[in-house]
Amino acid sequence: SESNQFCDAGFGYGEGEPICGTPSSSSSKLLIKGGTVVNAYQLEIADVYVEDGKIIAVKPTIRVGDDVLVIDATGKFVMPGGIDPHTHLAFEFMGTETIDDFFSGQAAALAGGTTMHIDFVIPVNGSLTAGVEAYEKKAQKSCMDYGFHMAITKWDENVSREMEIMVKDKGINSFKFFLAYKGSLMINDELLLEGLKKCKSLGALAMVHAENGDAVYEGQKRMIELGITGPEGHALSRPAVLEGEATARAIRLAGFVNTPLYVVHVMSIDAMEEIAKARKVGQKVVGEPVASGLVLDDSWLWNPDFKTAAKYVMSPPIRASGHNKALQAALSTGVLQLVGTDHCAFNSTQKALGIDDFRKIPNGVNGIEERMHLVWDTMVESGQISVTDYVRLTSTECARIFNIYPRKGAILPGSDADIIILNPNSSFEITSKSHHSRLDTNVYEGRRGKGKIEVTIAGGRVVWENNKLMVVPGSGKYIQTPPFNYLFNGIDKADARYLSSLQAPVKRAKSAT
């Protein structure tokens, strides 16, 4: 069978059992009893009845027959599975490919309570169609649901036409523009403006990686000239001011076009304050911090051991202590709206490509498995956010922004049965020995915290229970994301208001010659 073919290919790793196997519940009917059911705006003690992958009922004391698998959730939180808006599985980058593919990365996600992710398709030689076809192949071994964003790396009539095909036929409603990575993915302001206009007309969300690529290139040259070739040179070459500048520029250009903007991996106070300023005057800007930026600081990059320091290299870089606390505060007050990971996993052999030159260290850290636990421990346990906020920030808001709510991101009748059970009195520990990524390192190594995801249910099947994964390659579904999400509400009225405010063109009498 196809699933055994994947299992025989050696998908078991880490300690304990191989992770290929049959889902524990062959039953298509599930009852989760007695838990506190948490949605983004309410919580209640109720039972949740699931049949054929869908939630059928949410109410107190549901009675069922003997053919139903019953899970007792008394004293625990029953919540929508996490949705990670920002991942890179099987991503070819900087001369290598990320170590986690659509099977191992998703298996890791499920062990950590994430039941859907949205990955970035990279065009092939500028072609969006070739890019999406390549990613469709990569995703054939998926064991959970996933969606796609699309990167735009060049501009011509063909790309413009292909963007329409992506939105109308392929279910992709978001396009990412890199203002960094000069010479590979970076685009200039002219292309960004063309892209923003096209996104607006299609009802697609424009996303930006906001760092000033030209200035980063200068910063890198400066470090090399100073003889700084180690991982610390990475952080020093692309300071927060360059993230702030690019964030401000992207926000202003999106305002000029009047289209919503999504800023990915907000890593600094500089970028966060630009987002806060724009939102304060009513501009539609979404800010996505990532787990690493919320909980880590850059001190690791100065570690004398290259292997240790290099695992923390990502872009924009993890910042000095203080930025992380400010990003947590911004998340708790609504300045930032949801949490991603930018999971982009390179092992220590791959990271060693840059042993003599930080510019050659593949950029990326892990997080797809750790995000849900880290956000709970850092934000809920510290009292910065409520349990309902937690659901909003890790699942519901992502579903709303990418227009798949309430199919995803909710525990409501009719929603997909992507559910987690979290025990607030239990604790977790993160290590590279016990994690489910193929990585040989972990940037959160040794971290302990409160709140443990004890059960993950994906598509109505129990896939994580008793610290065991039961996943089947090929069981994940591609989720189309329709255009014109809620951020587009009122854009047409604002445009009409703008046109009526111009008082132009002015009619002037023709002067006599």
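Below are some short exercises on this predicted model, each with a worked solution.

Residues are numbered from 1 along each chain as its sequence is written. Local features need pLDDT of at least 70 and side-chain atom pairs count only at pLDDT 80 or more, while totals for chains, interfaces and linings use all residues; side-chain values use heavy atoms, with hydrogens and water left out.

**Exercise 1. In what order do the seven strands of the open sheet stand, and which are the edge strands?**

Step 1. Start with the terms. Helices (H or I, at least four residues) and strands (E, at least two) are DSSP runs, numbered from the N terminus. Two strands pair if DSSP finds at least two bridges between them.

Step 2. Walk across the sheet: the order is β6-β9-β10-β11-β12-β13-β14, with parallel pairing.

Step 3. Look for strands that pair on one side only; these are β6 (82–87) and β14 (285–287), the edge strands.

Step 4. Check the twist. On average, neighbouring strands of this sheet are turned by 25° against each other, direction ignored. Axes here are lines fitted to C-alpha atoms, for helices over the stretch in contact, and angles run from 0 to 180 degrees between N-to-C directions.

Step 5. Zoom in on one pair. β11 (residues 174–178) and β12 (residues 205–209) are joined in the parallel sense by five bridges. Here Phe 177 stands opposite Val 208 in β12. As a reminder, strands of a sheet pair through backbone hydrogen bonds, either parallel or antiparallel.

**Exercise 2. Which strands does α8 lie across, and which does α15 lie across?**

Step 1. Use contact, meaning heavy atoms within 4.5 Å.

Step 2. Take α8 first: it lies across β12, β13 (261–263) and β14, and its angle to β13 is about 170°.

Step 3. Now take α15 (residues 387–401). This helix lies across β6, β9 (114–121), β12, β13 and β14, and runs at about 60° to β6.

**Exercise 3. In what sense do β16 and β17 pair, and what sits in the turn?**

Step 1. β16 (residues 448–458) and β17 (residues 461–465) pair in the antiparallel sense over four bridges. Val 455 has Glu 465 in β17 as its bridge partner.

Step 2. The two strands form a hairpin with two residues between them, and Gly 459 in the turn has a positive phi of about 60°.

Step 3. Continue along the chain. β17 also pairs with β18 (residues 468–469), in the antiparallel sense over two bridges, and Glu 465 stands opposite Lys 468 in β18. The hairpin of β17 and β18 has two residues between the strands, and Asn 466 takes a positive phi near 55°.

**Exercise 4. What lines the largest cavity, and what lines the second largest pocket?**

Step 1. Define the spaces. On a 1 Å grid over the protein atoms alone, a cavity is a set of points where a 1.4 Å probe fits but cannot get out; a pocket is an open set with protein on both sides within 12 Å along at least five of seven lines; lining residues have an atom within 4 Å of a point. Grid points are joined across faces, edges and corners, and a volume is the space filled by probe spheres set on the points.

Step 2. The structure holds four cavities of 30 Å³ or more, and the largest has a volume of about 120 Å³. Its lining has 16 residues, of which His 88, Phe 93, Tyr 181, Ser 315 and Asp 342 lie nearest the centre.

Step 3. Follow Tyr 181 a little further. Tyr 181 lies in the loop between β11 and α5 (189–202), and has a positive phi of about 65° although it is not a glycine.

Step 4. Turn to the second largest pocket, with a volume of about 370 Å³. It is lined by 19 residues, and Gly 255, Val 257, Asn 258, Ala 494 and Asp 495 lie nearest its centre. The largest share of this lining, five residues, comes from α16.

**Exercise 5. Where is the cis peptide bond that involves Pro 406?**

Step 1. The cis bond runs from Tyr 405 to Pro 406, with omega near 5°.

Step 2. Place Pro 406 on the chain: it is in the loop between α15 and β15 (419–429).
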